[in-house]
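Grab a viewer and work through these exercises at your own pace. Each one sets a task and then walks through a solution.

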Amino acid sequence: MLNRRKFLQRSLIAAGMAPFTQEVVQEMLKSGEALKISILHTNDVHSHIDPFPDTHKRYPGKGGVQNRYTLIQKFREENKNTLLFDCGDIFQGTPYFNLYGGELELKLMSKMGYDAATMGNHDFDNGMEGFLAVKKHANFPFVCSNYDFSETILRNQTLPFKVFNKSGIKIGVFGIGIELEGLVDKKLYGKTVYKNPIQTANDYATKLRHEQGCELVICLSHLGYKYENNKISDVELAKHTSGIDLILGGHTHTFMEKAEVLRNSKGKEVLVNQVGWAGINLGKVDFYFSKLSKKRLNLSETNKGFVEIN
Amino acid sequence: MKEFRYPYLLFVLILFACKSYVVTNKQSQNNPVVQTEPINKEVTEIIAPYKEELEKSMNDVIGVSERELTTGSPEGTLGNLICDLCLRLGNDNYAALHNDTADFVLLNNGGFRTEMPSGEITRGKIFEIMPFENELVVVTLSIEQTVKLFEYLANKTVKNGTRKQGVPISGNVMVEILDKTPIEVLVNGIRLRGRPYKVITTDYLANGGDNMSFFLSPIKVEKLEMKLRDAILWEVENLTKQGKKVTANLDKRIRYAQ
């Protein structure tokens, strides 16, 4: 049972007069009043199976599937409610891809326990035939929401969205790819139809939140972090959509220390994160959930909790 | 103390009665992937057969680079090296296959995926630099599209650019840029004239890759029956046979007006 000091503290939080502190949340996790969902992610690994050599100028000894596997296992042991995603460009960048067409990359991602991935432009490098030929080595789904593959051989080979359930919390995931025209040789993507990222993202965010009852909505994106012109990017997507909690990105090989907090079209918080390339870093974003009623607790829409993006 | 019991219970009820989950807090920290223990045997076993076969062919040292060569803007040593070798080797094939000569080479920095390090060069390193299966082609462009090509180049070229900025071109071209506009273009020392130009590039770019839309209305496209990567491999191996090292310089082929 709560002692009086704690009770008073909770009451203040309930009245919106005090923030959730790290201390309070840790207590609530222990007592089962709160749950933590950990999101791990990579992007643009580009067939980097081995770590960079120790003599490498910029990234000596960094990366490598073996090291990534160990780190992922460590995080899974810390929190069983962990999901692992990749944001595309799994292929191309080392001779492993040139020799084996992506087979080893997908076998290893399956072993590491990836829950889903979206397709990047380089995942088309051996054509849709080449992708399909090695896809059987992936035991996880590819989530692509704005590539319409219905007139291609990838018809029914990808999912428009996927809902995960971790200890009762529903996590909805959808995927937004980059415009292929002008970036990928047309013969490689054929009759793939590109759908508007913002509209598609809004549609799936609404669907996942309201029809599927998801408490957390995540977009796996390969649009790129941001551009100097107004080309669609993760930052633009974040600003012009609503209902998304987290946009995991790729394509621009942007190294971020931690997720960035932005405001969506309704003024609510949305996080954007990306971890460079080549498997040098592993991204991590934790969401703490409590069973407290938002309405009764008078938590504002942007919540009174800490956003400790540290 | 007893009088506090009822409101206490009421609060607890309000706090925990509702079952819908809400996010109260968020945390984020990206983590470096570094050498760690333990090594997972199963992962090693999955990789081993692939790695063994690959290393056999890729670890061969095929040449030596005098210094590190990198992409850059307005020009980079790596782009200069590759464009120059493509002009020579491409034109050899063009003469043999079509009895013709191309005017210059245009490639893209985004296609070169890593730098050429100083020292020993393995076959695998060339695969890392040029992992794509791109083929060399000759695109014949009208003078109008050729002008657009140089406008594209000038627009994408910045003084001290990042890896993907700048557009690599062969050394028989000189472009002077002012305010993102080409103010002087010389091909083999002569200003552009009202004739078609023959440009060696890759099939990827010829199909409009990297937004090179000027390639999309060509007079004709001819294949050179040569992959870009094979051209680089051939050049490095050939230099080694001659006892030479790989090298390239910045020669102001693309420059900003003073």
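**Exercise 1.** Work out in which sense β7(B) and β12(B) pair, and over how many bridges.

*Solution.* Start with strand β7 (residues 173-178) of chain B: in this predicted model, β7(B) pairs with β12(B) in the parallel sense over 3 bridges. Next, pick out one rung of that ladder: B:I177 has B:Y256 in β12(B) as its bridge partner. Now zoom out to the open sheet of 4 strands, which runs β9-β8-β7-β12 in chain B with mixed pairing. β9 (190-191) and β12 (254-256) of chain B each have a single partner strand, so they sit at the edges with one side lacking a neighbour in the sheet. Finally, look for what covers the strands: helix α5 (residues 143-156) of chain B lies across β7(B) and β8(B), at about 125° to β8 (181-187).

**Exercise 2.** Decide whether chain B is spread out or a compact globule.

*Solution.* First, take stock of the parts: chain B has 7 helices and 12 strands. Then compare radii: the globule rule gives 18 Å for 258 residues, but the radius of gyration of chain B is 27 Å, well over that, so the chain is more spread out than a compact globule. Check the dimensions too: the C-alpha trace spans about 100 × 50 × 35 Å along its principal axes. As for burial, 43% of the 258 residues in chain B are buried. Last, of the chain B contacts with a separation of 6 or more, 80% are between residues 24 or more positions apart.

**Exercise 3.** Find which element of chain B gives the largest share of the side that touches chain A.

*Solution.* Begin with the totals: 46 residues of chain B contact 73 residues of chain A. Elements giving two or more residues to chain B's side are α1 (5-17), β1 (22-28), β2 (31-32), α2 and α4 (123-129) of chain B. The largest share, 8 residues, comes from α2(B). By type, that side of chain B divides into 24 nonpolar, 17 polar and 5 charged residues.

**Exercise 4.** Describe how α5(A) packs on α2(B), then find a strand pairing between the chains.

*Solution.* Helix α5 (residues 103-112) of chain A packs with helix α2 (residues 41-58) of chain B at about 175°, their axes 10 Å apart. Anything over 145 degrees counts as roughly antiparallel, so that is what α5(A) is to α2(B). Among the residues that meet are A:L104 and A:L108 from α5(A), and B:V43 and B:I46 from α2(B). This contact divides into 6 nonpolar, no polar and 3 charged residues. For the strands, β12 (residues 281-290) of chain A pairs with β2(B) in the antiparallel sense over 2 bridges, and A:L282 has B:N31 as its bridge partner.

Note on methods. Residues numbered from 1 in each chain as written. Chains lettered and ligands numbered in written order. Predicted model: local features only at pLDDT ≥ 70, side-chain atom pairs only at ≥ 80, totals over all residues. Axes fitted to C-alpha atoms, helices over the stretch in contact; angles between N-to-C directions. Parallel < 35°, antiparallel > 145°, perpendicular 65-115°, else oblique. Contact = placed C-beta atoms within 7 Å. Nonpolar A, V, L, I, M, F, W, Y, C, P; charged D, E, K, R; others polar. Pairing = 2+ DSSP bridges. Rg over C-alpha atoms; globule rule 2.2 N^0.38 Å. Buried ≥ 20, exposed ≤ 12 C-beta atoms within 10 Å, placed from the backbone.
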